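The following exercises concern one protein chain. Please study the sequence and the structure, attempt each task, and then read the worked solution.

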Amino acid sequence: MEGQVNQIELTNQFVETQISKAQSELAKNEKLYKTLGTVLGLVIVILLI
């Protein structure tokens with residue numbers, strides 16, 4: 001029984017770590033995609049003018 005509880009705690013810690021990593025990746029990539037969208041929009045406008 002203690003082994004199962006220990007395994008669940010380890011799994012919980014792993015999942016929390018993965019969530020934290022995913023949130024930091026989201027923040028980093030969100031800025032990248034916003035910038036990329038702005039640049040692409042400007043390129044299209046310049047090409048149409």
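## Exercises with worked solutions

**Exercise 1.** State where threonine 17 is placed, and determine whether threonine 17 is buried, partly exposed or exposed.

*Solution.* The model is a predicted one. Step 1: threonine 17 has its place in helix 1. Step 2: the relative accessible area of threonine 17 is 39%. Step 3: buried means under 20% and exposed means over 50%, with partly exposed in between. Threonine 17 is therefore partly exposed. Step 4: a polar atom of the threonine 17 side chain lies 2.9 Å from the backbone oxygen of glutamine 13.

**Exercise 2.** Describe the overall form of the protein: how many helices and strands are there, and what box do the C-alpha atoms fill?

*Solution.* Step 1: count the elements; the protein has one helix and zero strands. Helix 1 covers residues 2-48. Step 2: consider the dimensions; along the principal axes, the C-alpha atoms fill a box of roughly 70 × 10 × 5 Å. Step 3: consider two separations within this box. Valine 39 and asparagine 6 are 33 residues apart along the chain, and their C-alpha atoms are separated by 50 Å. Leucine 32 and valine 43 are eleven residues apart in sequence, with 16 Å between their C-alpha atoms.

**Exercise 3.** Determine what percentage of the residues is buried, and how much area the protein exposes.

*Solution.* Step 1: of the 49 residues in the protein, 0% are buried. Step 2: the exposed area is about 4,800 Å², and carbon and sulfur atoms supply 67% of it. Step 3: take valine 39 as an example. Valine 39 lies in helix 1, and its relative accessible area of 45% makes it partly exposed.

**Exercise 4.** Find the salt bridges: how many are there, when a side-chain nitrogen of Lys or Arg must be within 4 Å of a carboxyl oxygen of Asp or Glu?

*Solution.* Step 1: recall the principle that side chains of opposite charge can pair when their charged atoms come close. Step 2: apply the cut-off; the count comes to two salt bridges. Step 3: examine each pair.

- Lysine 28 and glutamate 25 meet in a salt bridge with an N to O distance of 3.7 Å. These residues are three apart in helix 1, so about one helical turn separates them. Lysine 28 is exposed, at 51% relative accessibility, while glutamate 25 is partly exposed, at 40%.
- Glutamate 30 forms a salt bridge with lysine 34, and their closest N and O atoms are 3.9 Å apart. Because glutamate 30 and lysine 34 are four residues apart in helix 1, they too are separated by about one helical turn. Glutamate 30 is partly exposed, with a relative accessible area of 41%, whereas lysine 34 is exposed, with 55%.

Step 4: turn to the charges of the protein as a whole. The mean position of the 4 positive charges and that of the 5 negative charges are 19 Å apart.

**Exercise 5.** Identify the residues that make a nonpolar surface patch of about 420 Å², and classify leucine 32 by its accessibility.

*Solution.* Step 1: the patch is made by Leu32, Tyr33, Leu36 and Leu40. Step 2: leucine 32 is found in helix 1. Step 3: residues in a patch must have over 30% relative accessible area. Leucine 32 has 44% relative accessibility and therefore counts as partly exposed.

Technical notes:
Residues are numbered from 1 along each chain as its sequence is written. This is a predicted model: local features need pLDDT of at least 70, side-chain atom pairs count only at pLDDT 80 or more; totals for chains, interfaces and linings use all residues. Side-chain values use heavy atoms; hydrogens and water are left out. Patches are made of residues with over 30% relative accessible area and no salt bridge: like charges are joined within 9 Å, nonpolar side chains (Val, Leu, Ile, Met, Phe, Trp, Tyr) within 5 Å. Accessible areas come from the Shrake-Rupley method with a 1.4 Å probe; for residues, only the protein chains shown count as cover. Helices (H or I, at least four residues) and strands (E, at least two) are DSSP runs, numbered from the N terminus. Buried means under 20% relative accessible area, exposed over 50%, partly exposed in between (1.4 Å probe, protein chains only). A polar contact is a pair of N or O atoms within 3.5 Å; within protein, one must be able to donate a hydrogen and the other to accept it, and residues adjacent in sequence count only if both atoms are side-chain atoms. Lys and Arg count as positive and Asp and Glu as negative; His and the chain ends are not counted. The place of a charge is taken as NZ of Lys, CZ of Arg, CG of Asp or CD of Glu.
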